[in-house]
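Please look through the briefing below with the sequence and the structure side by side. It starts with the core, and the barrels, the contact between the chains and their symmetry follow.

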Protein chains: 2
Amino acid sequence: MEKARLQLALDTYDLPSALAPLQKAAPYLDVIEVGTILCLSEGMRAVKVIRSLFPEKTLLADVRIAEAGGLISKMAFEAGANWVSVVSGATLSTMESVAREAERHSGEVQVELFDGWTAKTARQWRDLGIRQVITHRSRDGEAKAELTWSERDFDDIRRLASMGFNVTVTGGITLRDIPLFAGVPVYIFIVGREICRAEHPDAVAKSFREAIQRLS
Amino acid sequence: MEKARLQLALDTYDLPSALAPLQKAAPYLDVIEVGTILCLSEGMRAVKVIRSLFPEKTLLADVRIAEAGGLISKMAFEAGANWVSVVSGATLSTMESVAREAERHSGEVQVELFDGWTAKTARQWRDLGIRQVITHRSRDGEAKAELTWSERDFDDIRRLASMGFNVTVTGGITLRDIPLFAGVPVYIFIVGREICRAEHPDAVAKSFREAIQRLS
């Protein structure tokens with residue numbers, strides 16, 4: 001199994017608060033995510049600034065497109081994003097607009113799976129050339145400690161991977177969670193607050209990277 | 001039936017392009033919408049600038065919350081929004097976070113109806129104190145001219161109104177469309193490009209306002 005990647009989600013209310021931990025953690029990251037909150041607080045300026053600082057890194061603009069797919073993805077790709085996100089509830093026509101724009105910019109599309117997606121729809125996304133999906137625990141769910149990673153999640157990941165998707169996992173992932181994913185075909189682990197709020201973001205990012213490398 | 005209101009959706013790629021038509025059209029508007037595209041391109045700065053220019057107007061930040069409801073709505077309300085939008089696919093827990101934040105800021109929540117919502121869920125939103133819904137034709141759908149306003153749409157609006165919602169309609173509404181809504185309980189008409197791209201945004205906004213006033 002290919003080694004999983006580490007993605008840092010930046011979900012601060014302003015750009016300076018995101019840049020400090022990012023600058024430290026960057027050497028250990030495969031993907032930098034400009035999170036939805038940061039996109040909405042600072043706009044595409046956040047994507048442009050981070051692209052300028054880290055020209056070689058893969059950059060995801062987590063714009064969570066629900067509609068107006070062509071316009072929003074064009075804006076994000078032109079700001080410097082390599083990948084954009086779309087919510088699973090978007091219509092196939094929206095998915096298609098985003099996939100087309102991604103192709104134009106040699107970018108990729110991540111579909112964020114919210115309740116209600118079906119295997120049938122997922123295959124349609126695949127047919128549009130969409131290669132990535134994200135399964136996650138919602139932040140609101142987390143706050144209530146309603147959800148935890150379980151065999152059911154792992155089965156979902158295996159099923160999506162067998163359909164040909166690169167599967168990203170997110171939602172309050174801690175260092176202790178990583179070994180739970182042994183043998184599960186994860187493409188990317190997204191970590192946010194655990195790194196961003198650490199006293200030493202570089203040390204924590206390094207530990208995550210090492211834990212991921214140890215997975216077999 | 002109470003007269004419907006006129007809302008201008010600002011969905012430009014940058015703030016200056018939005019301000020020119022807004023400045024002209026403002027006297028005829030009840031609600032100013034900082035659209036999803038403008039929120040993502042300029043961030044909450046767009047909301048702050050427009051709040052500063054028009055302190056008395058009702059302001060919607062069309063942030064289309066899918067998750068992290070508390071954080072995103074707090075950010076939008078603190079920037080000066082009176083209303084925020086949530087997609088219908090968001091979990092009830094997310095809706096609850098947004099409704100709670102709205103109450104704290106004496107704000108309101110609009111749920112944007114995408115495919116898959118049910119009357120049962122809508123009643124749950126209502127129980128959380130959410131009073132507004134938006135029915136729309138998707139921009140991607142419009143581009144393909146797949147959809148038009150029909151009796152089925154009008155029945156949906158009537159059904160939602162009878163459940164106690166204030167119902168907003170959006171999606172490429174033209175001046176000629178307005179009379180079609182006679183007798184339909186519309187709370188707000190959202191108009192975007194028709195006004196923003198007009199040579200005289202003030203004259204067009206005035207015409208929309210008059211057409212709405214003529215509805216019985």
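In this model, which is predicted, the largest nonpolar core holds 146 residues, and those that touch the most other members are Ala76(A), Val84(A), Phe189(A), Ala76(B), Val84(B) and Phe189(B). Each chain also carries a closed barrel of 8 strands, described for chain A and for chain B below.

**Around one core residue**

- Leaving aside residues up to four places away in sequence, Phe189(A) touches Ala4(A), Leu6(A), Gln7(A), Val169(A), Ile173(A), Ile178(A) and Ile212(A).

**The barrel of chain A**

- The closed barrel of chain A follows the order E1-E2-E3-E4-E5-E6-E7-E8 with parallel pairing, and from one strand to the next the twist averages 25 degrees.
- Within this barrel, E3(A) and strand E4 (residues 83–87) of chain A run parallel and are joined by 3 bridges.
- Val84(A), already named among the core residues that touch the most other members, lies in E4(A), where Ala61(A) stands opposite Val84(A).

**The barrel of chain B**

- In chain B, too, a closed barrel of 8 strands runs E1-E2-E3-E4-E5-E6-E7-E8 with parallel pairing, and its neighbouring strands are turned by 25 degrees against each other on average, direction ignored.
- Strand E3 (residues 58–65) of chain B pairs with strand E4 (residues 83–87) of chain B in the parallel sense over 3 bridges, and Leu60(B) stands opposite Trp83(B) in E4(B).
- Helix H5 (residues 92–104) of chain B lies across E3, E4 and strand E5 (108–113) of chain B, and the helix runs at about 175 degrees to E4(B).

**Where the chains meet**

- The contact draws 33 residues from chain A and 33 residues from chain B.
- On the side of chain A that touches chain B, the elements giving two or more residues are helix H2 (36–42), helix H3 (44–53), strand E3 (58–65), helix H4 (69–79), helix H5 (92–104) and helix H7 (139–143) of chain A, and H2(A) supplies the largest share, 6 residues.
- Sorted by class, this side of chain A has 13 nonpolar, 12 polar and 8 charged residues.
- Because 100% of the interface residues of chain A are also interface residues in chain B, the copies meet through the same surface.

**Symmetry**

- A turn of 180 degrees and a shift of 0.0 Å along the axis lay chain A on chain B with an RMSD of 0.0 Å, which is the relation of a two-fold axis.
- The C-alpha of chain A nearest the axis belongs to Gly43(A), at 1.9 Å from it.

How values were computed:
Residues are numbered from 1 along each chain as its sequence is written. Chains are lettered from A and ligands numbered from 1 in the order in which they are written. This is a predicted model: local features need pLDDT of at least 70, side-chain atom pairs count only at pLDDT 80 or more; totals for chains, interfaces and linings use all residues. A nonpolar core is a set of buried Ala, Val, Leu, Ile, Met, Phe, Trp, Tyr and Cys residues joined through C-beta atoms within 7 Å. A residue is buried if 20 or more other C-beta atoms lie within 10 Å of its own, exposed if 12 or fewer, and partly exposed in between; C-beta atoms are placed from the backbone. Two residues are in contact if their C-beta atoms, placed from the backbone, lie within 7 Å. Helices (H or I, at least four residues) and strands (E, at least two) are DSSP runs, numbered from the N terminus. Ala, Val, Leu, Ile, Met, Phe, Trp, Tyr, Cys and Pro count as nonpolar, Asp, Glu, Lys and Arg as charged, and the others, Gly among them, as polar. Copies are superposed by least squares on the C-alpha atoms of residues with pLDDT of at least 70 in both. Two strands pair if DSSP finds at least two bridges between them. Axes are lines fitted to C-alpha atoms, for helices over the stretch in contact, and angles run from 0 to 180 degrees between N-to-C directions.
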